[in-house]
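This report deals with aromatic ring contacts. Please keep the sequence and the 3D structure at hand while reading.

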Amino acid sequence: MNTIRSVCVYCGSSPGRSDIYMKAGHALGRSLAESGLRLVYGGGTKGIMGAVAEGALRAGGKVTGIIPRFLLNREATEASLGKFDDIVVTENMHERKHRMFEESDAFVALPGGIGTVEEIVEIMTWSQLGHHRKPMVFANIAGFWTPMLALIDHMRAEGFIHTGHLVQPLVIDKVEAIVPGILVEAANAGTPSEGEKAVIEKM
């Protein structure tokens, strides 16, 4: 059985046009903290990113923020980052994403923009290549990810998602169901979270 200790949350550094997104961020952060899970995220203190971190911190949770140096004063301020128990400043985006992967046992995509799409797609790509078997979740708040999910289904139907059985993200509409869903998925997993060695060796 896989053990979930930390969950990476990808999401927007903007609040979006509906307050439902910010509320979802707060709720997910709180849920992680109440379940004893560490939040790993992009280190921003604005938008949905800030809401997730605030929700976790207010509930007494542990937060690891990972942010590139050049975004320090765009997505956050150095002073505001002082409230985290663990902050990692990387030299570039590539290092940030790799560190987030290493620190996390599962991944959740809340609503966000192009960067959020790029992050969760990369995690799905690594899963398809056998690099990991960590749970992946689309938090489909108010149907936000429905167009993206339709595109994935279309790619699968057209034969462009090879070893598609390795790319099976959970789609969860309700914030309160995300953490339980991750824990059930990890408990039912029949492969190690770090991936299958035989597949990785073929990469």
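The sections below describe aromatic pairs, their burial and a charge over a ring.

## Aromatic pairs

The model is predicted. Across the whole structure, a search finds six aromatic pairs. One of them joins F101 and F107: the ring centres are 5.9 Å apart and the planes meet at 5°, so this pair is stacked. A plane angle under 30 degrees is what counts as stacked.

F101 also pairs with W126, and here the geometry is edge-to-face. The centres of F101 and W126 are 5.1 Å apart, with 90° between the planes. F101 belongs to helix 3 (residues 93–103) and W126 to helix 4 (residues 114–128), so the pair ties together parts that are 25 residues apart in sequence.

## Burial of the rings

F107 has a relative accessibility of 0% and counts as buried. F101 is buried with a relative accessible area of 8%. W126 has a relative accessible area of 18%; because the cut-off for buried is under 20%, W126 is buried as well.

## Cluster and charge

Which residues form one aromatic cluster with F101? They are Y10, F107 and W126.

F101 also has a charged neighbour: K134 lies over the face of the F101 ring, at 3.9 Å from the ring centre. F101 is thus described here by a stacked pair with F107, an edge-to-face pair with W126 and K134 over its face.

Technical notes: Residues are numbered from 1 along each chain as its sequence is written. This is a predicted model: local features need pLDDT of at least 70, side-chain atom pairs count only at pLDDT 80 or more; totals for chains, interfaces and linings use all residues. Side-chain values use heavy atoms; hydrogens and water are left out. Rings of Phe, Tyr and Trp (its six-membered ring) pair if their centres lie within 6.5 Å; planes under 30 degrees apart count as stacked, over 60 as edge-to-face and the rest as tilted. Buried means under 20% relative accessible area, exposed over 50%, partly exposed in between (1.4 Å probe, protein chains only). Helices (H or I, at least four residues) and strands (E, at least two) are DSSP runs, numbered from the N terminus. A charge sits over a ring if NZ of Lys or CZ of Arg is within 6 Å of the ring centre and within 35 degrees of the ring normal.
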